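Here are my notes on the model, set out as numbered points for you to read beside the sequence and the coordinates.

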Amino acid sequence: MIDSLVIRQEREGDSDEIRCVVKAAFDGAEHTDGDEHNLVDRLRDSAEYIPALSLVAEINNEIVGYAMFSRIYIDETEAIALAPLAVLPGFQNRGIGRTLIKEGHRRAMDSKYPCSVILGYPEYYSKSGYIPAASFGITAPFDVPSQFYMVFPFKAGVPHGTVRYSRAFRL
């Protein structure tokens, strides 16, 4: 972890720097469609955008990481999804991503959202408390091996059903 790390809500004027961080973080990634930086822009323009859950990680006033939690539905219940989570390659493996997740979870805990879902590597996201969504009866709206689709419950009463994402995801 880095001592000078600051996690804060995204501000007006951050979008170009965030776009560069997200693009760099996913450049050359094994499983990517190369569109994550555009997804952020589309989500900001959607009804599913939650400004309080759009977070940046700064070191010396430079944005080095980003996490966006946006509104989804599990059947008819509102919940959130973490997508994307991005850290500049030179700053990866220092706990910045997990710190962004932890702060997003802290902010979401007191909200109406019962849980957060993620499509990602279980080896990584399980360290932040994500567990297989199938254990709650939550399914993705696309074909994915169940171990890669996970949920973090904020409270009891996690809904079950199929997740419905924002149209910004273009699923």
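**Notes on the predicted model**

1. C20 is exposed, with a relative accessible area of 54%, whereas C115 is buried at 0%; here buried means under 20% relative accessible area, exposed over 50% and partly exposed in between, with a 1.4 Å probe and protein chains only. The structure holds zero disulfides, a disulfide being a pair of cysteine sulfur atoms within 2.5 Å.

2. This is a predicted model, in which local features need pLDDT of at least 70 and side-chain atom pairs count only at pLDDT 80 or more, while totals for chains, interfaces and linings use all residues. Residues are numbered from 1 along each chain as its sequence is written, and side-chain values use heavy atoms, with hydrogens and water left out.

3. The largest nonpolar core, a set of buried Ala, Val, Leu, Ile, Met, Phe, Trp, Tyr and Cys residues joined through side-chain atoms within 4.5 Å, has 57 residues, and those with the most contacts inside it are L82, I96, V117, Y130 and I138. Among the elements that give two or more residues to this core are α1 (15–26), α2 (36–44) and β4 (77–87); helices (H or I, at least four residues) and strands (E, at least two) are DSSP runs, numbered from the N terminus.

4. Y124, Y125, Y130, F152 and F154 form one aromatic cluster, and the structure holds eight aromatic pairs, where rings of Phe, Tyr and Trp (its six-membered ring) pair if their centres lie within 6.5 Å.

How values were computed
Phe/Tyr/Trp six-rings, centres within 6.5 Å; stacked < 30°, edge-to-face > 60°.
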